[in-house]
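Okay, thanks for coming, everyone. I'd like to walk you through one structure today, so have a look at the screen.

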Amino acid sequence: MLLALALPLALPTGAAHAAGPPVRLAAAGSLRAALEEVGAAFTAATGLPVAGRYGPSGLLRERIAAGEAADVFASANMAHPRDLAGAGGRSVVLFARNRLCALAAPGEPATTETLLERMLDPAVRLGTSTPGADPSGDYAFAAFARAEALRPGARAALEAKALALTGGPGSAPPPAGQSAYAWHLAEGRAQIFLTYCSNAGPAAAALPGARVVALPEALAVGADYGLAVLSDRPEAARLALFILSPEGQAILARHGFGAPLLPGG
């Protein structure tokens with residue numbers, strides 16, 4: 001898969017390193033910190049600038065499909081880049097993994113063992129991202145589907161009460177520089193928020209008293225992240241290969257992602 005992504009677009013031998021138009025990277029919001037660091041390392045190594053835009057993967061897919069230009073698409077699932085890459089006969093590569101965690105507000109007593117009970121409690125406000133627009137919301141609803149095997153009726157109850165607070169076209173943005181998840185918990189809009197583990201850790205650190213709660217194994221949901229080159233620009237292939245390189249994978253790992261191309265990743 002890596003060769004299928006790279007070979008058709010590989011740079012000719014001796015290609016210049018001079019800066020030109022930025023490589024246009026569209027990427028899931030959960031990847032912002034990691035890929036901004038990757039982009040800076042790529043620019044330092046190659047002289048090629050990167051212009052990143054970040055947001056819910058489903059909304060990015062819609063914008064690209066409608067004609068918005070992107071050279072590389074890094075999605076929080078495999079389906080969205082496949083939708084865009086398939087028409088051009090391009091490949092999609094698994095480049096990172098994530099997991100779903102629960103972020104508990106200060107004072108919320110949920111533990112791994114009691115998480116389902118707490119999420120089902122009518123008095124507990126349960127936050128998620130927006131299904132369809134953001135894969136994080138889709139993964140949360142996949143966890144709800146798993147809950148049905150543990151407690152009949154749980155899936156419908158959780159889907160009915162879940163508050164789609166992030167990831168939608170009309171979602172309220174947090175104040176500049178703040179974690180959306182910590183902000184929603186601090187404002188009392190949710191007591192438990194299902195989000196990526198890579199998001200939950202920094203959010204808990206930003207909100208004193210907040211905690212990351214692992215999902216029980218029966219509810220655990222993993223996230224596969226897909227990477228696609230969408231243009232014929234050689235620079236696009238170079239950025240994709242850098243993300244897949246040991247240096248790029250190590251940066252992703254430092255930001256809490258599973259790095260499938262590293263040993264043990």
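So, which residues of the largest nonpolar core touch the most other members? Before I answer, a word on ground rules. This is a predicted model, where local features need pLDDT of at least 70 and side-chain atom pairs count only at pLDDT 80 or more, while totals for chains, interfaces and linings use all residues. Residues are numbered from 1 along each chain as its sequence is written, and side-chain values use heavy atoms, with hydrogens and water left out.

Right, the core. By that I mean a set of buried Ala, Val, Leu, Ile, Met, Phe, Trp, Tyr and Cys residues joined through side-chain atoms within 4.5 Å. Buried is under 20% relative accessible area, exposed is over 50%, and partly exposed is in between, with a 1.4 Å probe and protein chains only. The largest core has 56 residues, and those touching the most other members are Leu31, Leu35, Phe95, Met119, Leu194, Tyr225 and Leu252. Apart from it there's another core of 15 residues, including Ala190 and Cys197.

Let's zoom in on Leu194. Leaving out residues up to four places away in sequence, Leu194 has contacts (heavy atoms within 4.5 Å) with, among others, Cys101, Met119, Phe144 and Leu215.

Cys101 brings us to the disulfide, meaning a pair of cysteine sulfur atoms within 2.5 Å. There's one in the structure, and it joins Cys101 to Cys197 with an S to S distance of 2.0 Å. The torsion about that S-S bond is about 85 degrees, so the disulfide is right-handed. Cys101 sits in strand E4 (residues 92–104) and Cys197 in helix H9 (residues 197–206), so the pair ties together parts 96 residues apart in sequence. Those elements are DSSP runs numbered from the N terminus, helices being H or I of at least four residues and strands E of at least two. Are these cysteines buried or exposed? Cys101 is buried at 4% relative accessibility, and Cys197 is buried at 13%.

One more stop, over at Ser231. Ser231 lies in the loop between strand E9 (222–229) and helix H10 (234–244). With a relative accessible area of 12%, Ser231 counts as buried. How far apart are Ser231 and Leu194 in space? C-alpha to C-alpha, they're 34 Å apart, with their positions 37 residues apart in sequence numbering.

That's my tour, over to you.
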